[in-house]
Amino acid sequence: MKKDIVIPVVKDVYIAIVKEDNKEKTAQDWIVYLINDSLEPIESIMIMSRGKHEDGRKTSTFRHAFKLVAAKSALKVELIMEDVFPFKNEFILTYFIGPTLYDHVFTAAPHSISEDHFTALPIMKQEGILLS
């Protein structure tokens, strides 16, 4: 029965967007990170990202898989281009802690990815945008 299915709440695991120097230190890039602020490692991680514009345009869908993200650590996921900031960007995160499957959709509203929305990020010693 549906009422018997327990859907666990995702806590202490986040998607964040930060602006950082590129490898050549010639420009700054916007990077998506997965942050695990919990006391346990997360495993079998899948992240799907996509964007939708109010005029009907869509971005390509990207899929990423990672075996493990250690407790109290962060992992670089992908580069995000400023061209998609006017889009509603979604990051669908699925992972395991032990035998339990967790799933959450993190969303960046159109035009919300900007330095005006920076805040201190857990684990990382820099500021960025923490998605909800």
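Two strands pair if DSSP finds at least two bridges between them. Keep that in mind as you open this predicted model, because pairing of that kind, with at least two bridges, is what the opening stops are about.

**Stop 1: the β1 and β2 hairpin**

Select residues 13-21, which make up strand β1, and residues 28-36, which make up strand β2. The two run antiparallel and are joined by nine bridges. Now pick out Ile15: what is its bridge partner in β2? Look across and you will find Leu34. Move on to Lys19, whose bridge partner in β2 is Trp30. Then follow the chain round the turn, where six residues sit between the strands of this hairpin. One of the residues to click here is Lys25, which takes a positive phi near 60°.

**Stop 2: the whole sheet**

Next, widen the selection to the open sheet that five strands form. Read across, their order is β5-β2-β1-β9-β8, and the pairing is antiparallel. Which strands are at the edges? They are β5 (73-80) and β8 (119-120), each of which pairs on one side only. Between β2 and β5 you can count seven bridges, and these two strands run antiparallel. To see a place where they meet, select Ile35, which stands opposite Ala74 in β5.

Before leaving β2, colour it by burial. This strand is mostly covered, with seven of its nine residues buried.

**Stop 3: Ser73 in strand β5**

Now zoom in on Ser73, which lies in strand β5. Leaving out residues up to four places away in sequence, Ser73 touches Leu34, Ile35, Asn36 and Ile123. Its side chain also has a polar atom that lies 2.6 Å from the backbone oxygen of Ala70. For a sense of scale, draw a distance from the C-alpha atom of Ser73 to that of Ser112: the separation is 25 Å, and the two residues are 39 apart along the chain.

**Stop 4: aromatic rings**

Show the side chains of the aromatic residues. How many aromatic pairs are there? The count comes to three. Start with Trp30 and Phe85: their ring centres are 5.3 Å apart and their planes are at 90°, so this pair is edge-to-face. Trp30 belongs to strand β2 and Phe85 to the loop between β5 and β6 (88-97), so the pair ties together parts that are 55 residues apart in sequence. Trp30 has a relative accessible area of 5% and is buried. Phe85 is buried too, with a relative accessible area of 8%. Both counts rest on the cut-off for buried, which is under 20% relative accessible area.

For a contrasting geometry, select Tyr95 and Tyr102. This aromatic pair is stacked, with 5.2 Å from centre to centre and 5° between the planes. Both of these tyrosines are buried. Add Phe118 to your earlier selection as well, as Trp30, Phe85 and Phe118 form one aromatic cluster.

**Stop 5: the nonpolar cores**

In soluble globular proteins, nonpolar side chains tend to be buried together. Here, the largest nonpolar core has 26 residues, and those with the most contacts inside it are Leu34, Ile80 and Tyr95. Which elements give two or more residues to this core? They are β1, β2, β3 (42-52), β5, β6 and β7 (100-108). The most comes from β6, which gives four residues.

Click on Ile80 to see what surrounds this residue. Not counting residues up to four places away in sequence, Ile80 touches Ile17, Trp30, Ile31, Val32, Phe85, Asn89, Phe91 and Ile113. Then find the second, separate core, which has seven residues, including Ala16, Val18, Ile31 and Tyr33.

**Stop 6: Asn89 in strand β6**

Finish with Asn89, whose place is in strand β6. Is this residue buried or exposed? Asn89 has a relative accessible area of 4%, so it is buried. Follow its side chain to two backbone oxygens: that of Val84 lies 3.0 Å from a polar side-chain atom of Asn89, and that of Phe87 is reached at 3.2 Å. To complete the view, show its contacts beyond four places in sequence: Arg50, Gly51, Ile80, Val84, Phe106, Thr107, Ala108 and Ile113.

How values were computed. Residues numbered from 1 in each chain as written. Predicted model: local features only at pLDDT ≥ 70, side-chain atom pairs only at ≥ 80, totals over all residues. Heavy atoms only, no water. Phe/Tyr/Trp six-rings, centres within 6.5 Å; stacked < 30°, edge-to-face > 60°. Buried < 20%, exposed > 50% of the residue type's maximum accessible area, 1.4 Å probe, protein only. Contact = heavy atoms within 4.5 Å. Polar contact = N/O pair within 3.5 Å; in protein donor to acceptor, adjacent residues only side chain to side chain. Core = buried A, V, L, I, M, F, W, Y, C linked by side-chain atoms within 4.5 Å.
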